[in-house]
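The following exercises concern charged side chains and helix packing. Each task is followed by a solution in steps.

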Amino acid sequence: MLNDSGEVTAPSGRGSVPACKHRRPFLSRDRRERISPRRLSTLVVAALGGAAVAASAAPRPKLVVLVVAEQLRADCLDRHRAALAPGGFRKLLEGGAVFRECRYEYAATYPASGAALLATGSYPERNGIVAEQWYERRTRRVVRAAEDPEAAVVGSDQPRRPAGSPRRLVGTTLADQLRLAGGGRSRVVAISLRDQTAVMLGGRRPLGCYWMDEAGRFVTSTYYKEKLPEWAAAFGRENPALRFRGRPWRALDAKEGAPPLRMVDAPTVQDFVATYLASPLAMEEQFAFARRAVEAEELGQGPATDL
């Protein structure tokens, strides 16, 4: 965390997140009472490059991939284990560290607040992200968590303000500390379907921070870049979201001839994009964009650990 003098200090006290206990309920230090389970997200951290041994002997990973799935309970991974790919989540379940009863002592389980908690290791009253939006008495208006009136959208047909940035986030983040530990050589790229999540997880100075706009395009803001990198702009030209309009959304392993869960379509482009963003089609597009980012930015090939 950052103190009043701008120095980095270790989190402590009620505002910091306690360490997870494997298969043990978390007890509050202040009240010593059982905390009810929260149901926001499951966090998976995977270090690419082979299985890790003891921390003291393991080489530093070249690339760390942080995946945050909102509203995905830990038990869903067990219930749908058969549908998981052998080299994906199933590999992490079978060969990774799994914390099945990891709880956080706060109730504001909004996406922005959850992302800020995971990024900073501190609760909303410390990191300043108390909700998706709130009334700001200084300006006498409702503001969004990732809103920055000084930043404009980059990559959209109509650049506009405000746009996303971490200016309202208080304290340091995992991404910031990784760059600090690597002497500024670590590269961080944050990608999400939502600006709030990408902004919080990306920290102060990522190499790139991207999210989807209301037209289904990956964009950023002038806080990060004045223009999209060519690889990101090319991805948008090659993969317009409208190509999915009218596409059926089918259940996993649906029987032959079974009707789709819904059609990814709507009368207006704005309504279509809202349906599209809630579908697995947008999720697949997000991972495709992430793969393109890893290749184009050569993540994991530098002298320090990338994120």
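**Exercise 1.** Determine whether Asp-148 is buried or exposed, and describe its salt bridge with Arg-167.

*Solution.* Step 1: Asp-148 has a relative accessibility of 2% and therefore counts as buried (buried means under 20% relative accessible area, exposed over 50%, partly exposed in between, with a 1.4 Å probe and protein chains only). The model is a predicted one, in which local features need pLDDT of at least 70, side-chain atom pairs count only at pLDDT 80 or more, and totals for chains, interfaces and linings use all residues. Residues are numbered from 1 along each chain as its sequence is written, and side-chain values use heavy atoms, with hydrogens and water left out.

Step 2: The side chains of Asp-148 and Arg-167 form a salt bridge at 2.3 Å, N to O (a side-chain nitrogen of Lys or Arg within 4 Å of a carboxyl oxygen of Asp or Glu).

Step 3: Asp-148 belongs to strand S5 and Arg-167 to the loop between strand S7 and helix H5, so the pair ties together parts 19 residues apart in sequence. Arg-167 is partly exposed, at 49%.

**Exercise 2.** Characterise the salt bridge between Arg-237 and Glu-230.

*Solution.* Step 1: The side chains of these two residues meet at 2.7 Å, N to O.

Step 2: Arg-237 counts as exposed at 57% relative accessibility, and Glu-230 counts as exposed at 54%.

Step 3: Elsewhere, salt bridges that share partners join Asp-78, Arg-81 and Glu-94 into one network. The whole structure holds 17 salt bridges.

Key:
Helices (H or I, at least four residues) and strands (E, at least two) are DSSP runs, numbered from the N terminus.
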